[in-house]
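Here are my notes for your read-through. Keep the structure open beside them and take the points in order.

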Amino acid sequence: MPYLLALDEGTTSARAILYNERGEALAMEAIPVDSRYPRPGWVEQDPEQIWSAQIETARRVLAKAGITAAQVAAIGITNQRETTIVWDRRTGKPVSEAIVWQCRRTAGYCGQLAAAHGSKITAKTGLVVDAYFSGSKIRWILENVPGARPKAEAGDLLFGNVDTWLIWKLTGGAVHVTDSSNASRTMLMDLETGAWDDELLSMLEVPRAMLPRIVPSSGVVGETAALGAAIPIAGIAGDQQAALFGQACFRAGLSKNTYGTGCFALMHTGGKRPVSRNRLLETRAATIDAPQFAVEGAIFIAGAAVQWLRDQMGLIQSAAESEAVALSAPNNGGVYLVPAFVGLGAPHWDSSARGTMTGITGGTTKAQVVRAALESMAFQTRELIEAMEADSGDKLAELRVDGGATANNFLMQFQADILDTRIARPADKETTALGAAYLAGLAAGVWKSTAELEKFWRVERVFEPSMKESERQRLWEGWRSAVRKCRA
Ligand code: ADP
């Protein structure tokens, strides 16, 4: 029986999951990865720790399942996107810490870049010019690490997102590639052609010599001997595109929302490049052969607001407790929390906004504040879905969900109510890793087509909207008013 090994390197942990040919998870291992915050708004990780945590989870998961490397048909890799690593081609040593996607250190530069070239960059890349993407982070390393720029120009330094770094390590430095879903988040790739763009490279002052080769998301790119026997590396996708694939959203119109630290809603738009008139990101979906596209809305603070209630405010003991506490209040009592802790992402893209709570009275309770934090995830999601519906001209029939906070039934019901859309929660919630396993399994011949994979997608619970329209309207107005105050 062939097995597939998914390596899922997320922001907070590296995970490895082993799957069988029915797409069933047999064993999972996770090891936390530390983030450092050396200055306000800066976020870094240690590339060596990312690698050692990831390879250790792979070893452990094989041992746990009692499977040898020789029984693994292929490895699929999925990763926190945009996080930027630059290393020395000869020594294999990173020249700096990894600059994590959340890091705002290049916000000032991006402001200037947007003013000078914003519309051109958006037209080419489908992205809003922002510090979030890799391009300005690469430039920062070249400008700030002594000697880095001339070495990069001479081809002695390599750039990679976490996928590229892991594959380079797994292959002992033999393979330097990325897939088009990751490359579409660098702000250096032409979204339409799927190739690095010379004009963008020169605007951002990034030498072509340091960039990986862009490959499809499904296909053998090399082999690793790091686990005891040679295993082909056959799938690569950024975490959100992998989750879209793992949710069996293979066709235009299908969409998913992931509720983790942030929220990421993606709608597949098929083989044609989408155009967003509502400030969503246009991006590559996981690609087998012909290019596939998606529109994406990113919210920076979702489950992180629940962590804030727990760790900073001390209002709850655990994230799971937020459900019972929220339900102990019959309603939000007019309290709205806009968790713009690091600014607002799509569709506002307002980096100067900061968190705001409105409607507080002497009678406001802890339960109402907790409830407002959970509701904020649903309201922010509605902003994204409305933008997607406006772009596509169609009402969404169903939203597939995944991520840690989907365990919260109150949140899921409130989401269905506030969207007036059916929410479908699948049995397998580790859709990111599953998507990577699917991409690898297709390339390794374990599965013949995506039609086979569609049958693996099983719903665990559906949440149907049941709120009165007048109530929905009232709550939505309350949220919109809170966002206006936050932005003012
Ligand atoms: P990530 O992949 O971004 O690390 P996960 O998908 O593991 O995130 O989800 C973790 C996030 O979900 C945390 O921010 C946590 O606060 C939130 N979370 C977990 N369980 C619940 C719950 N029952 N209710 C609300 N939020 C939750």
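How do the residues of the lining of the second largest pocket divide into nonpolar, polar and charged? Point 6 takes this up.

1. Model. Bear in mind that this is a predicted model. Every value below is computed from it.

2. Ligand shell. Start with the ligand. It is surrounded by 15 residues. The closest are Thr12, Thr261, Gly303, Gln307 and Gly404. Now sort the shell by type: six residues are nonpolar, nine are polar and none is charged. Helix H9, residues 303-311, gives the largest share of this shell, with four residues.

3. Polar contacts. Look at three atom pairs. Gly404 places a backbone N or O atom 2.8 Å from an oxygen atom of the ligand. Gly303 has a polar backbone atom 3.0 Å from a ligand oxygen. Ser322 uses its side chain: a polar atom there lies 3.4 Å from a nitrogen atom of the ligand. How much of the ligand does the protein cover? On its own, the ligand has 580 Å² of accessible area, and the protein covers 74% of that.

4. The largest pocket. Which pocket matches the space taken by the ligand? That space is the largest pocket. The pocket holds about 1000 Å³ of space. Its lining counts 41 residues. Nearest its centre lie Tyr259, Gly260, Thr261, Gly403 and Gly404. Two of these names should be familiar: Thr261 and Gly404 are also among the residues closest to the ligand.

5. What builds that lining. Several elements supply at least two residues each. Among them are strand S2 (13-19), strand S15 (255-259), helix H10 (321-327) and helix H11 (366-392). H9 gives the most, with four residues. By type, the lining has 13 nonpolar, 18 polar and 10 charged residues. Set this beside the ligand shell, where no residue is charged.

6. The second largest pocket. About 820 Å³ of space lies here. The lining has 27 residues, and Tyr37, Val43, Gln102, Ile301 and Val342 are the closest to the centre. Back to the opening question: 14 residues of this lining are nonpolar, nine are polar and four are charged.

7. One helix to follow. Trace H9 through the model. It provides the largest share of the ligand shell. It gives the most to the lining of the largest pocket. The largest share of the second largest pocket's lining, four residues, comes from H9 as well.

Methods: Residues are numbered from 1 along each chain as its sequence is written. This is a predicted model: local features need pLDDT of at least 70, side-chain atom pairs count only at pLDDT 80 or more; totals for chains, interfaces and linings use all residues. Side-chain values use heavy atoms; hydrogens and water are left out. A residue is near a molecule or strand if one of its heavy atoms lies within 4 Å of it. A polar contact is a pair of N or O atoms within 3.5 Å; within protein, one must be able to donate a hydrogen and the other to accept it, and residues adjacent in sequence count only if both atoms are side-chain atoms. Accessible areas come from the Shrake-Rupley method with a 1.4 Å probe; for residues, only the protein chains shown count as cover. On a 1 Å grid over the protein atoms alone, a cavity is a set of points where a 1.4 Å probe fits but cannot get out, and a pocket is an open set with protein on both sides within 12 Å along at least five of seven lines; lining residues have an atom within 4 Å of a point. A molecule sits in a cavity or pocket if more than half of its atoms lie within 2 Å of its grid points. Ala, Val, Leu, Ile, Met, Phe, Trp, Tyr, Cys and Pro count as nonpolar, Asp, Glu, Lys and Arg as charged, and the others, Gly among them, as polar. Grid points are joined across faces, edges and corners, and a volume is the space filled by probe spheres set on the points.
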